[in-house]
Amino acid sequence: MKKTAVVYGSVYGSTKQYAQWIADSLSADLYENKNLDLSVLEPYDVIIYGGGLYAGGVTGISLLSRHPEFIQKKKVFVFTCGIADPALPENVEHILKNLDSVFPGELKQQISFYHLRGWMDYSRFSRKHRVMMWMMKKMLSKKKPEDLTEEDQGILETYGKHVDFTDRDSILPLVQDVRQYI
């Protein structure tokens, strides 16, 4: 059996929750990205990295993206966690497009990607994230109702509220794919 590590970068906790569920399901070691030295991951054959989505970026993903030689020696799975619904193809397409600048060309093709829905709790947001969401709400409020996407409507309906879309079962495709490899 191949040695597996789950690493996560989480700001508000939903990515951490998914990482814990994945690590438990695979009996894998779990590490928080914060101040993690890449050498800690050297003994592992399989690396699963999870990061929250913020303004198009993935929390802490530079741990891997700055080291293409490391990725080439390992089997790497990446999951993102955000409020965007991965059941909508345009959301997954947008997430993957943003990852093009992080993992260029062939490097991206070596990684398996998954997208999971998290939670949002406005009462826990930093000032910066509250301002970003307020600006987004303001921008969306200016659109004509018929021009709002399903995602836009969801943002407007849940603005300022606590919403939780986490679902332990949503990790199953990732866990099954990893099990086929290990």
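**Exercise 1. Find which residue of β3 is the bridge partner of A5, and place strand β1 among its neighbours.**

*Solution.* Start with the pair itself: in β3, A5 has I47 as its bridge partner. Helices (H or I, at least four residues) and strands (E, at least two) are DSSP runs, numbered from the N terminus. This is a predicted model, in which local features need pLDDT of at least 70, side-chain atom pairs count only at pLDDT 80 or more, and totals for chains, interfaces and linings use all residues. Residues are numbered from 1 along each chain as its sequence is written, and side-chain values use heavy atoms, with hydrogens and water left out.

Next, widen the view. Strand β3 (residues 46–54) pairs with β1 in the parallel sense over six bridges; two strands pair if DSSP finds at least two bridges between them. Then look at β2 (residues 29–32), which runs parallel to β1 and is joined to it by four bridges. There, Y31 stands opposite V7.

**Exercise 2. Decide whether strand β1 is enclosed or open, and explain why.**

*Solution.* First, recall the cut-offs: buried means under 20% relative accessible area, exposed over 50%, and partly exposed in between (1.4 Å probe, protein chains only). Now go through the strand: six of the six residues of β1 (residues 4–9) are buried, so the strand is largely enclosed by the rest of the structure. Finally, check each face: T4, V6 and Y8 are buried on one side, and A5, V7 and G9 on the other.

**Exercise 3. Work out which parts of the chain the salt bridge between E42 and K74 ties together.**

*Solution.* Begin with the distance. The closest N and O atoms of E42 and K74 are 3.8 Å apart, and a salt bridge is a side-chain nitrogen of Lys or Arg within 4 Å of a carboxyl oxygen of Asp or Glu. E42 lies in the loop between β2 and β3 and K74 in the loop between α3 (68–73) and β5 (75–82), so the pair ties together parts that are 32 residues apart in sequence.

Now compare their surroundings: E42 is partly exposed at 38% relative accessibility, whereas K74 is buried at 13%. To finish, add K73, which is linked with E42 and K74 in a network of salt bridges.

**Exercise 4. Describe the salt bridge between D152 and K143.**

*Solution.* Take the distance first: the side chains of D152 and K143 meet at 2.7 Å, N to O. Then take each residue: D152 is buried, with 11% relative accessibility, and K143 is partly exposed, with 35%.
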